[in-house]
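Student: I would like to go through the labels used for this protein and hear the reasoning behind each one.

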Amino acid sequence: MSSANIISNQQTDATISLETRTKVARPPLYKVMLLNDDYTPMDFLVSVLKQFFHKKHEDAIRIMLEVHNKGAGLCGIFTRDVAETKTEQVIISARKNEHPLQCVMEKE
């Protein structure tokens, strides 16, 4: 094999090994918030935070007080599908228990 063929093969191999890398964008995230009302008991808020958002008791109480004192409390930040599911679960549970609790999601 001549040295010209060897150089040609090395160049071809080098060209083949180059690959393009594409960046994959992260999906947008959404905040899930509980909104204050004058009727939903604080205990129910705590149970919702523990059941649907897997909060520890102390964190659930802190968020519940934030809802009560500031009008809204952040439950978590999720991808769109997860945020929609959790929002719907909270509203269904609230209606089953005859509470007007509102749960909303907003883009971060």
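Tutor: The turns below set values against cut-offs, beginning with the overall layout. The model is a predicted one.

Student: What is the order of the secondary structure elements from the N terminus on?

Tutor: The elements run α-β-α-α-β-α-β, that is, four helices and three strands. Of the 108 residues, 28% count as buried. Among contacts between residues at least 6 apart in sequence, 70% join residues at least 24 apart.

Student: Why is the pair of Phe53 and Phe78 called tilted?

Tutor: The ring centres are 6.2 Å apart, and the limit for a pair is 6.5 Å. The planes stand at 35°; stacked requires under 30 degrees and edge-to-face over 60, so the pair is tilted. The structure holds one aromatic pair.

Student: What makes this a link between distant parts of the chain?

Tutor: Phe53 belongs to helix H2 (residues 42-53) and Phe78 to strand S2 (residues 72-79), with the two positions 25 residues apart in numbering. Both Phe53 and Phe78 are buried.

Student: How do you know that H2 has the span expected of a helix?

Tutor: H2 has twelve residues, which at 1.5 Å a residue should span 16 Å. The expected span takes one less than the number of residues. The end C-alpha atoms of H2 are 16 Å apart, so the two values agree. Just after H2, His54 takes a positive phi of about 55°.

Student: Which residues of H2 are buried, and what do they pack against?

Tutor: The buried residues are Phe44, Leu45, Val46, Val48, Leu49, Phe52 and Phe53. They pack against strand S1 (29-35), helix H3 (57-70), S2 and H4.

Student: Why is Ser93 called buried?

Tutor: Ser93 has a relative accessible area of 13%, and buried means under 20%; therefore Ser93 counts as buried. Ser93 is found in helix H4. Leaving aside neighbours within four places in sequence, Ser93 is in contact with Phe44 and Phe52, two of the buried residues of H2. The C-alpha atoms of Ser93 and Val48 are separated by 8.2 Å, although the residues are 45 apart along the chain.

Student: Why is there no bond between the sulfurs of Cys75 and Cys103?

Tutor: A disulfide is a covalent bond between the sulfur atoms of two cysteines. The cut-off for the sulfur pair is 2.5 Å. The sulfur of Cys75 has its closest cysteine sulfur in Cys103, at 5.4 Å, so the distance is too far for a bond. Taken from the other side, Cys103 has its closest cysteine sulfur in Cys75, again at 5.4 Å. The count therefore comes to zero disulfides.

Student: Are these cysteines buried or exposed?

Tutor: Cys75 is at 2% relative accessibility and counts as buried. Cys103 has a relative accessible area of 3% and is buried. The cut-off in question is 20%.

Student: How many salt bridges does the structure hold, and what makes the contact of Lys31 with Glu106 one of them?

Tutor: The structure holds two salt bridges. For Lys31 and Glu106 the N to O distance is 4.0 Å, and the cut-off is within 4 Å. The pair links distant parts of the chain, with Lys31 in strand S1 and Glu106 in strand S3 (residues 102-107), 75 residues apart. Lys31 is partly exposed at 25% relative accessibility, and Glu106 is partly exposed with 39%.

Student: What is the N to O distance between Arg80 and Glu84?

Tutor: The side chains of Arg80 and Glu84 meet in a salt bridge at 3.1 Å, N to O. Both residues lie in helix H4, four residues apart, about one turn of the helix. Arg80, with a relative accessible area of 48%, is partly exposed, because exposed requires over 50%. Glu84 is partly exposed at 34%.

Student: How do you know that Lys86 has no salt bridge?

Tutor: The nearest side chain of opposite charge is that of Glu88, 13 Å away, whereas a salt bridge needs a distance within 4 Å. Lys86 is nevertheless buried. Lys86 is found in helix H4 (residues 80-96). Not counting residues up to four places away in sequence, Lys86 touches Phe52, Phe53, His54 and Phe78; Phe53 and Phe78 form the tilted pair described above.

How values were computed
Residues are numbered from 1 along each chain as its sequence is written. This is a predicted model: local features need pLDDT of at least 70, side-chain atom pairs count only at pLDDT 80 or more; totals for chains, interfaces and linings use all residues. Side-chain values use heavy atoms; hydrogens and water are left out. Rings of Phe, Tyr and Trp (its six-membered ring) pair if their centres lie within 6.5 Å; planes under 30 degrees apart count as stacked, over 60 as edge-to-face and the rest as tilted. Buried means under 20% relative accessible area, exposed over 50%, partly exposed in between (1.4 Å probe, protein chains only). Lys and Arg count as positive and Asp and Glu as negative; His and the chain ends are not counted. Contact means heavy atoms within 4.5 Å.
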